[in-house]
Structure formats: structure tokens, C-alpha cells
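I opened my notebook to look around one protein chain, a step at a time. Come along and read over my shoulder.

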Amino acid sequence: MIIKQISVFVENRPGTLAEVLSVLSEHDINLRALSVADTADFGILRIIVNEPEKVEQILRGANLTVKMTPVITMTIGDSPGGLLAQVQKLSESSINVEYVYAFAATKGSEARVVIKVDDPDRALRLLRGEENAEREDAGEGPQFYW
């Protein structure tokens with residue numbers, strides 16, 4: 001499914017992550033997934049939450065630079081080659097994978113994956129095996145974020 005990911009641009013210094021997480025905690029926001037990428041001077045905190053619009057407002061209110069991005073989420077088999085099979089479908093159709101983050105579920109044999117691609121609607125159709133499907137209404141969001 002396509003969901004909204006929040007990216008928070010932060011200074012790369014001790015305590016920054018704790019500051020952002022503190023703001024979220026103060027507003028009873030539960031994180032579903034988190035990734036941090038950094039350079040020498042700044043970092044990008046990427047988060048999945050169940051109310052992204054609300055969280056975007058909260059973070060902007062805390063004077064943070066925030067961007068909302070559509071990403072694909074999926075559950076795959078937690079086995080060798082599980083992610084490869086999905087990425088190959090995208091690669092074979094010239095869809096660029098910009099970044100991925102994933103984690104294995106604590107129970108069962110599944111892993112959860114977040115993928116940022118250059119064409120999320122088309123990528124989702126390919127992953128579902130619906131290459132010729134009509135374009136989905138991008139304005140509709142899921143009712144539950146995994």
C-alpha cells in the first residue's frame with residue numbers, strides 16, 4: 001500500500017534525535033517505523049505514524065523542517081531472496097528505488113519494508129501484478145498504518 005512518510009530534517013549533533021522523539025512522546029504519538037540517515041552536518045529522520053497529517057503539524061509547531069512523502073509499504077517473507085523478488089520487479093520496469101528500510105517481525109516469518117521509489121503508483125501496480133491497471137486515486141489514504 002502507499003502511505004505517507006514524514007521526513008524531519010535535523011542538525012547532526014548529540015541530542016537531536018532525543019529532542020524530536022520527546023516532542024512526539026509529549027503528544028502521545030506512536031512510531032510504527034523509523035530510519036535515520038546522516039551526513040556530516042545534518043540528518044534525515046524518516047518516520048511512519050498512524051496520523052501523519054497531525055504529526056506533521058506537531059513537528060512544524062516545534063519549528064522543525066518537515067516533508068511528507070508517499071512511500072510503499074509491504075510485508076514480505078522473512079527468508080533469503082524475499083526482498084530481491086520485489087525489487088527485481090521494479091528494476092525490470094525501470095522504476096528507481098531511492099531508498100529502503102526494513103525490519104523482521106518479532107513473531108512469524110514476515111518482514112516489513114518501506115520503499116521510496118520514483119513512481120509509487122506504478123510501482124504498487126507492478127508489485128500487485130496489475131501492470132495494466134488504471135491509475136488509483138492518490139488522494140485516498142489507508143485507514144490503518146501497519
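**Entry 1: the whole chain.** I began with a word I would need: a residue is buried when its relative accessible area is under 20%, and exposed when that area is over 50%. I also noted that this is a predicted model. With that cut-off in hand, I looked up the share of buried residues, and they make up 38% of the 146 residues in the chain. Next I looked up the secondary structure and found 4 helices and 6 strands. Read from the N terminus, their order is β-α-β-β-α-β-α-β-β-α. I then turned to contacts with a separation of 6 or more, and 65% of those in the chain join residues 24 or more positions apart.

**Entry 2: the cores.** Which residues touch the most other members of the largest nonpolar core? I found I6, I47, V55 and L59, out of 15 residues in that core. The elements giving two or more residues to this core are β1 (2-11), α1 (16-26), β3 (42-49) and α2 (52-61). I picked V55 for a closer look: leaving out residues up to four places away in sequence, V55 touches I6, L24, I29, I47 and V49. There is also a second, separate core of 13 residues, and I72, L90, I95 and L127 are among them. My textbook reminder here: in soluble globular proteins, nonpolar side chains tend to be buried together.

**Entry 3: α1 and α2.** I looked up how these two helices pack, and the angle is about 125 degrees, with the axes 10 Å apart. That angle makes α1 oblique to α2. Their crossing is right-handed. On the α1 side the contact is made by V20, V23 and L24, and on the α2 side by V55, I58 and L59. Sorted by class, the contact has 6 nonpolar residues, no polar ones and no charged ones. I was happy to meet V55 again, as I had listed it among the residues touching the most other members of the largest core.

**Entry 4: α4.** Is helix α4 largely enclosed or largely open? Because 7 of its 9 residues (the helix covers residues 120-128) are buried, α4 is largely enclosed by the rest of the structure. The buried ones are P120, D121, A123, L124, R125, L126 and L127. They pack against β1, β4 (65-77), α3 and β6 (110-117). Just after the helix comes G129, with a positive phi near 80 degrees.

**Entry 5: α3 and α4.** Since α3 was on that list of partners, I looked up this pair too. The two helices pack at about 125 degrees, and their axes are 10 Å apart. α3 and α4 are therefore oblique to each other, and their crossing is right-handed. Q86, K89 and L90 of α3 meet A123, L126 and L127 of α4. This contact divides into 4 nonpolar residues, 1 polar and 1 charged.

**Entry 6: two backbone oddities.** Most residues other than glycine have a negative phi, so I went looking for exceptions. D28 is not a glycine, yet its phi is positive, about 55 degrees. D28 sits in the loop between α1 and β2 (31-38) and is exposed, with a relative accessible area of 70%. S94 also has a positive phi, near 60 degrees, without being a glycine. I found S94 in the loop between α3 (82-92) and β5 (97-104). With a relative accessibility of 64%, S94 counts as exposed.

Terms used: Residues are numbered from 1 along each chain as its sequence is written. Side-chain values use heavy atoms; hydrogens and water are left out. A nonpolar core is a set of buried Ala, Val, Leu, Ile, Met, Phe, Trp, Tyr and Cys residues joined through side-chain atoms within 4.5 Å. Buried means under 20% relative accessible area, exposed over 50%, partly exposed in between (1.4 Å probe, protein chains only). Contact means heavy atoms within 4.5 Å. Axes are lines fitted to C-alpha atoms, for helices over the stretch in contact, and angles run from 0 to 180 degrees between N-to-C directions. Angles under 35 degrees count as roughly parallel, over 145 as roughly antiparallel, 65 to 115 as roughly perpendicular and the rest as oblique. A crossing is left-handed if the near helix is turned anticlockwise from the far one by less than a right angle, and right-handed if clockwise. Ala, Val, Leu, Ile, Met, Phe, Trp, Tyr, Cys and Pro count as nonpolar, Asp, Glu, Lys and Arg as charged, and the others, Gly among them, as polar.
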